[in-house]
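Thanks for coming. I will go through one protein this morning, starting with a single residue and ending with the whole chain.

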Amino acid sequence: MTLNRPQGKWGIAILAAAVGGLAALGQAPWSLWPLSLLGFGVMFWLFSAVEAPRRAAWLGWSFGTGYFAIALFWIVEPFLVDVGRHGWMAPFALFLMATGFALFWALALWVAQAFSRPRLKLVAGVLSLTLAELVRGVILTGFPWATIGHVWIGHAPAQLAAFGGAGLLTFLLLAIASAPFLFSRKTLGLAAACALLGGIWGAGMLRLQSIKPELSDKIVRVIQPNAAQHLKWDPAYAQQFLLRQLAMTEAAADTPLSAIIWPETSVTTRLDQAGIVLDAMTDAAAGVPVVFGANDLVEDSYRNALAVLDAKGTIAQRYHKHHLVPFGEYVPLGELAARFGIYGMAPQHGGGFASGPGPALIDIAVLGTALPLICYELIFPRHLRSAERPDFILQITNDAWFGNISGPYQHLAQAQLRAIEQGLGVVRSANTGISAIIDPLGMVRAEAPLNRTGFFDEPLPVALAPTLYSRTGDWPITVVFVLLFMGILRAPLRFGD
């Protein structure tokens, strides 16, 4: 049986958007990677028959719009916390993000379509889409969420991120999806796709079996208060949430604790005014350091802070979030925008939060040195490469903003990927979940489920030797892909219709 490709502009768009949405189901929480391979495979099947760059761009944009609409539909959730103020923005946010990110894929296929030889065009499509995803992660501060390669998280091929990060994972998925169309004999193409899939799966399993992460004797308690976002700052409830965290902090432990971790903005009183709260935390912790999140005021500007409360009740370390969420924690030209009723979702005044100076390690007594990250910062692998290597990665976050369906699971999945890339354990405290301790192979060793109140005590995983990716970042693999692309530029090109 021969399948006929749709010929009309809108027929191609509808099919492309549909299979783009199908491909997005490889992302957490569904993690259906075969559907991602199928979706991208159909895209390459359609692309192989396109004859004009404009049609190629239309195909890439339609496919990308369907993909991002499904993968990022959780983005409406933050706007629904305060419906009266922000609810009207929700549909525009999803539409603009889905169609905007799809432009990267439209440009990638437009460029690839310039190659006159059909098989070379497909190779160019794989390379240009991979490069487009790398660019999407950095341009205009970047947003590398729902990257194509994230489909492998939770499966054996994700281990290859230790060598090339999400860029390598993206390339491998696209290479497998395009392989059936690179050969004149379809059976040979399918065999090549299966061989590549089996090879990367086997390589991932080999790494999982050959490396056995060790656990230290340092016990971490992770607190999850489950404070609903619409109630968290309400004075009538804030005291209740604080008492809940204090009770979990002072609960008896089977083994002496090395540190206790509270989530982002778990203390709703500003740091310079939180003396009574800090005294209560010190008493509850009984000599154990407590890491927590709160707002801080520095030079008349509010900052989103992580603080370490030592055994004496003194704030021994502070870290200020440096990569803020656009239109969440700040609004460009915020004072002017406020006059028109446009506000960020978490600012203290029109301009929102001010950013901190940048990544920095903190020392948490006997627990060791940590690279602190607040919420959104964890999705950027470039923020995890510091001059001095930490003992572990520490993330505090408030995923109550992300809803209950896909957002929190995708955020956790990215924490797992960061662990693999860096060869470091991750300690993650989330307000409403999913809190977790993740070992350097990306395996979740303990967790508090979504929308549950509770805590757990777990040994801190011991760091592995530095991975190749932790030493190099994305630059080497980006250069390789660019050089490959430049190599095939020697083939005849044909721009225009």
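**One glycine, some salt bridges, and the whole chain**

Let me start with Gly 167, which sits in helix α7, the helix that runs over residues 161-178. Please keep in mind that what you see on the screen is a predicted model.

Is Gly 167 buried or exposed? Gly 167 has a relative accessible area of 5%, and the cut-off for buried is under 20%, so Gly 167 counts as buried.

What is Gly 167 in contact with, once its neighbours within four places in sequence are left aside? The list is Thr 130, Leu 134, Ile 477 and Phe 481. Take Leu 134 from that list. Along the sequence, Leu 134 and Gly 167 are 33 residues apart, and in space their C-alpha atoms are 6.4 Å apart.

Now to the charged side chains. The structure holds nine salt bridges, and I will go through some of them.

Begin with Arg 221 and Asp 457. They form a salt bridge in which the closest N and O atoms are 2.7 Å apart. This pair links distant parts of the chain: Arg 221 belongs to strand β1, residues 215-224, while Asp 457 belongs to strand β12, residues 454-461, and 236 residues separate the two in sequence. As for accessibility, Arg 221 has a relative accessible area of 0% and is therefore buried. Asp 457 has 29%, so Asp 457 is partly exposed.

The next pair is Arg 318 and Asp 296, again a salt bridge, with 2.8 Å between the closest N and O atoms. Here too the pair links distant parts of the chain, with Arg 318 in strand β5 (residues 315-320) and Asp 296 in strand β3 (residues 290-298), 22 residues apart. Which side of the cut-offs does Arg 318 fall on, buried or partly exposed? Its relative accessibility is 45%, so Arg 318 counts as partly exposed. Asp 296 has a relative accessible area of 2%, so Asp 296 is buried.

Then there is Arg 445 with Asp 439. Their side chains meet in a salt bridge at 3.8 Å, N to O. Arg 445 is partly exposed, because its relative accessible area is 39%. Asp 439 is at 3% relative accessibility and so counts as buried. These two residues also belong to a network of salt bridges, in which Asp 439, Arg 445 and Glu 458 are linked.

Let me step back to the whole protein. How many helices and strands are there? The count is 15 helices and twelve strands.

What about overall size? A compact globule of 497 residues would have a radius of gyration near 23 Å, and the protein has 24 Å, so the two agree. Along the principal axes, the C-alpha atoms fill a box of roughly 70 × 60 × 40 Å.

Of the 497 residues, 58% count as buried. If we take contacts between residues at least 6 apart in sequence, 69% of them join residues at least 24 apart.

On the surface, the protein exposes about 20400 Å², and carbon and sulfur atoms supply 63% of that area. Finally, the charges: there are 33 positive and 31 negative side chains, and the centres of the two sets lie 16 Å apart.

That is all I have. I can go back to any of the residues on the screen.

Key:
Residues are numbered from 1 along each chain as its sequence is written. This is a predicted model: local features need pLDDT of at least 70, side-chain atom pairs count only at pLDDT 80 or more; totals for chains, interfaces and linings use all residues. Side-chain values use heavy atoms; hydrogens and water are left out. Helices (H or I, at least four residues) and strands (E, at least two) are DSSP runs, numbered from the N terminus. The radius of gyration is taken over C-alpha atoms; the globule rule is 2.2 Å times the number of residues to the power 0.38. Buried means under 20% relative accessible area, exposed over 50%, partly exposed in between (1.4 Å probe, protein chains only). Contact means heavy atoms within 4.5 Å. Accessible areas come from the Shrake-Rupley method with a 1.4 Å probe; for residues, only the protein chains shown count as cover. Lys and Arg count as positive and Asp and Glu as negative; His and the chain ends are not counted. The place of a charge is taken as NZ of Lys, CZ of Arg, CG of Asp or CD of Glu. A salt bridge is a side-chain nitrogen of Lys or Arg within 4 Å of a carboxyl oxygen of Asp or Glu.
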